[in-house]
Amino acid sequence: MKFTLGWLKEHLDTAATLDTIVDALTRIGLEVEGVHNPGEALAPFRVARVLSAAPHPQADKLQVLSVDAGPDVNGGAPLQVVCGAPNARAGLVGVFGGPGTYVPGADITLKVAAIRGVESNGMMCSARELQIGEGHDGIIELADNAPVGTSYADFAGLIDPVIDVAITPNRQDCMGVRGIARDLAAAGLGTLKPLAEAYRMTTLAPVEGDAPAPDVRTDDPAGCPAFYAQSVSGVTNGAAPEWIRRRLTAIGQKPISVLVDITNFVSVDLGRPLHVYDRAKLSGALVARKAQDGEQVLALNGKTYALDATMTVIADDVAVHDIGGIMGGEHSGVSDTTTDVLIECAFFDPDHIARTGQKLMLTSDARQRFERGVDPAFLDDGLAIATHLVVAHCGGTPSAITRAGEPPLEPRIVTYDPDLCRTLGGLSVAPDRQARILLSLGFSVGAIRQPDEFSDLLFSTIEGAWPVRVPTWRRDIDGPADLVEEVIRIEGIDKVAPVPLPRIPGVARPTATVEQKLERRVRRAAAARGLDEAVTWSFLPEAQAASFGGGAFTLANPISEELKVMRPSMLPGILSAAERNLRRGAGSVRLFEIGRRYLAEGERATLGLVLAGDRRARGWREGKAVSFDAYDAKAEALALLAAAGAPVDNLQVMGEAGEAWHPGQSGTLRLGPKTILARFGMLHPSLVKAFDLDGAVAAAEVYLDAVPGKRQAGFMRAAYAPPVLQAVRRDFAFLVPATLTGDVLIRAIRGADKVAIVAARVFDVFERDGEKSVAVEIVLQPGDKSFAEADLKAIADKVVAAAAKLGASLRG
């Protein structure tokens with residue numbers, strides 16, 4: 001929400017400085033995002049008079065001017081300027097930019113230059129070159145009595161700071177300058193002017209005419225409960241008055257015509273969107289109704305929208321002319337030839353507006369205001385102000401007013417105990433001060449409606465719980481807590497003293513959940529292993545999600561096409577981060593992220609990691625650089641599963657990692673044939689290419705939600721009891737089938753004697769002539785007595801027998 005300081009003072013009678021106003025806005029909950037003054041860029045430009053104009057000797061369309069820019073420029077001596085404007089002439093008073101001046105509309109910095117052989121010292125400027133209008137047919141012409149030599153920005157009143165305020169969705173009343181002025185007045189920064197005075201009107205009474213009222217009605221009371229309209233005949237559409245154009249330009253809106261600019265001005269000034277139709281382009285009655293499935297409308301933005309029966313439209317007997325409360329149609333818009341207009345001032349249901357805007361993916365200033373909720377009691381006043389401005393600046397004769405439907409004006413009364421300010425808000429504010437704050441914001445407290453009606457006598461009649469009537473423009477007020485918020489933000493939230501929460505006696509109970517503790521352990525383990533944590537978006541482009549099986553949830557109205565699908569995997573975001581790091585010169589990237597995958601069956605806690613670039617840089621000792629491989633990803637996955645408390649010794653390595661993985665260099669870690677705890681390996685080359693990565697990329701996904709939880713066996717850990725006797729190691733070498741994997745053999749050997757065999761590992765693999773030899777080391781741990789030779793032989797026989805079941809034989 002943008003407005004200028006001068007615009008604000010049309011509603012707020014104040015002597016406060018800009019800094020004071022900005023501080024107060026943020027203090028009362030209207031955060032100021034920025035303040036800038038576009039007029040400062042025009043400060044170097046001067047009011048200047050053309051003393052003489054002579055033809056250019058080398059160009060028919062150029063003139064050589066002698067320009068007086070005042071005593072402060074060139075020591076008061078006239079300057080020679082070459083000018084091509086057709087209206088340049090002796091005696092003209094215009095705007096001059098000297099050498100060294102930056103011209104914003106042309107994006108150039110002036111300097112002394114020769115134009116067709118004649119020296120030129122600056123330029124006389126047009127409105128477009130100064131970005132104060134669209135005029136470019138000639139240079140600006142000022143009044144003859146304009147003070148030569150003064151700053152043009154000061155003379156034209158362009159030094160008016162623009163304030164940009166972030167309005168939260170609940171403050172629909174501050175989507176207009178007057179609502180912001182009301183809040184500042186309540187904060188003690190001035191007095192809110194009467195609305196009629198702000199518009200130079202003697203009264204806000206409707207501008208009634210003798211002509212018949214326009215034929216309008218609402219056939220959709222749910223979407224458009226009230227539709228007020230008034231016609232004005234014999235208008236002249238042209239440029240808006242300077243004060244309107246200047247204010248709209250300052251906030252970034254392009255002036256179009258007086259009729260359009262009036263509606264835009266009232267929308268920003270009062271938070272009340274309006275629409276003006278060209279009556280010559282309408283056929284029959286104008287009706288607010290539900291659209292028919294398949295109907296289309298060409299909107300003012302030049303796009304055609306397909307409508308359905310849930311949407312409210314404004315239509316005549318022939319076609320749809322308006323997406324109700326969101327955007328008008330191009331066919332019925334006013335133009336330079338418009339002579340008869342119909343002014344619409346309607347109330348649209350906020351929920352209907354929100355659903356329609358989301359379906360059409362269409363936003364507008366009108367939608368932002370109607371979606372939050374405009375004042376339903378401001379229909380007559382809004383129409384009166386718009387008609388007053390049209391008649392004042394376009395002429396014409398107004399008609400009678402048509403009031404179709406009924407706006408939702410049910411009174412809302414909140415019972416409020418002033419002691420809630422202390423008990424709920426933590427700030428003790430005197431009851432009379434609370435009452436004055438609420439009154440200044442437009443609330444009625446008991447029988448009191450205005451702050452100047454307040455007196456001790458009247459206040460005595462509302463002691464105890466107060467019946468507070470909510471103003472029609474405050475849709476967000478729902479209960480006593482909302483009134484506490486209003487009082488405290490005006491009184492000053494900085495006055496709320498920090499008070500520690502009461503501490504429960506004894507030892508503090510843990511607050512982290514089991515899932516949070518698990519993620520904390522895994523995060524620390526990953527960082528300790530040299531991985532850098534990344535934080536990426538939970539949304540992906542459709543193409544990236546499709547590479548990992550597609551997303552189960554797609555946003556209908558995404559912020560961007562790049563953030564459209566909720567991620568089915570943690571890897572796409574990390575791969576994008578890895579690509580950015582490598583492109584910026586990183587030689588080795590080791591990234592991990594803990595977050596959620598969003599699957600059809602729900603959210604799943606997951607850790608993803610990516611290893612790209614060089615695992616080991618080149619050097620004189622090791623030789624050339626070494627890239628990451630699938631075993632690196634497997635090692636990281638096993639280490640992180642161990643940190644998560646998974647039984648890594650019991651895990652099986654199996655294939656079928658998925659289409660995103662390299663089919664021969666990837667696998668899964670499973671607890672049993674069905675429970676997948678992790679996927680690891682090299683990513684598929686086509687996927688690596690799709691993410692614009694060079695070389696092979698290793699990755700892993702650890703499914704934290706699949707890690708089995710610890711059994712609750714009590715709060716005490718078992719006492720550490722190291723083995724009394726020394727372990728015994730034995731080596732076995734087996735000839736095995738070529739298809740037999742090492743982990744299957746190890747698992748069979750460990751199962752041969754689960755008591756005595758405490759560990760087993762492969763330490764050598766040898767292949768020749770189609771034969772495969774696997775050497776295994778097993779660790780035997782005696783219990784209360786040492787192993788006898790017979791015991792060791794019995795265990796060895798069990799190991800050989802277990803291997804034989806897999807087709808392995810002891811190598812002789």
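Which residues of the largest nonpolar core touch the most other members? I will come back to that in a moment, after a word on the model itself. What we have here is a predicted model, in which local features need pLDDT of at least 70 and side-chain atom pairs count only at pLDDT 80 or more, while totals for chains, interfaces and linings use all residues. Residues are numbered from 1 along each chain as its sequence is written, and side-chain values use heavy atoms, with hydrogens and water left out.

Now to the core. Of its 117 residues, those that touch the most other members are Phe3, Leu25, Ile180, Leu184, Tyr199, Phe227 and Ile385. A nonpolar core here is a set of buried Ala, Val, Leu, Ile, Met, Phe, Trp, Tyr and Cys residues joined through side-chain atoms within 4.5 Å, and buried means under 20% relative accessible area, exposed over 50%, and partly exposed in between, with a 1.4 Å probe and protein chains only. If we leave aside neighbours within four places in sequence, leucine 25 is in contact with Phe3, Leu30, Glu31, Val32, Ile163, Val165, Ile180 and Leu184, where contact means heavy atoms within 4.5 Å. There is also a second, separate core of 30 residues, which includes Leu611, Phe628, Leu640 and Phe680.

Ile180 and Leu184 bring us to helix α4, where both are among the buried residues. Helices (H or I, at least four residues) and strands (E, at least two) are DSSP runs, numbered from the N terminus. In α4, residues 177-186, 10 of the 10 residues are buried, so this helix is largely enclosed by the rest of the structure. Glycine 188, which follows α4, has a positive phi, near 90 degrees.

Helix α15 makes a useful second case. It spans residues 514-528, and its 15 residues reach 21 Å from first C-alpha to last, close to the 21 Å expected at 1.5 Å a residue; that expected span is 1.5 Å times one less than the number of residues. Buried in α15 are Leu518, Glu519, Val522, Ala525 and Ala526. They cover an arc of only 130 degrees around the axis, taken from the directions from the helix axis to the C-beta atoms, which puts them on the same side of α15. The face turned away from that buried side carries the exposed residues Arg524 and Ala528, whereas the cover over the buried residues includes β32 (588-599), β33 (602-616) and α18 (630-643). As with α4, a glycine with a positive phi follows, and after α15 this is glycine 530, with phi near 90 degrees.

Let me turn to the sheets. Two strands are said to pair if DSSP finds at least two bridges between them. One open sheet has four strands in the order β17-β24-β16-β25, with antiparallel pairing. Its edges are β17 (275-278) and β25 (397-405), each with a single partner strand, so one side of each is left without a neighbour in the sheet. Neighbouring strands of this sheet are turned by 20 degrees against each other on average, direction ignored. Within it, β16 (residues 226-233) and β24 (residues 340-347) pair over eight bridges, and serine 233 has aspartate 340 in β24 as its bridge partner.

The other open sheet I want to show also has four strands, ordered β40-β41-β39-β42 and paired antiparallel. Here β40 (757-768) and β42 (809-810) stand at the edges, each with a single partner strand, so one side of each lacks a neighbour in the sheet. Strand β39 (residues 728-736) pairs with β42 over two bridges, and phenylalanine 734 stands opposite leucine 810 in β42. Two helices pack on this sheet. Helix α20 (residues 742-750) touches β39, β40 and β41 (771-780), and its direction makes about 145 degrees with that of β40, the axes being lines fitted to C-alpha atoms, for helices over the stretch in contact, with angles from 0 to 180 degrees between N-to-C directions. Helix α21 (residues 789-804) touches β39, β40, β41 and β42, at about 30 degrees to the direction of β39.

Finally, a hairpin. Strand β4 (residues 46-56) is joined to β5 (residues 59-68) by seven bridges in the antiparallel sense, the connection runs through two residues, and histidine 56 stands opposite alanine 59 in β5. Strand β5 in turn pairs antiparallel with β6 (residues 79-83) over five bridges, where valine 67 has leucine 79 as its bridge partner.
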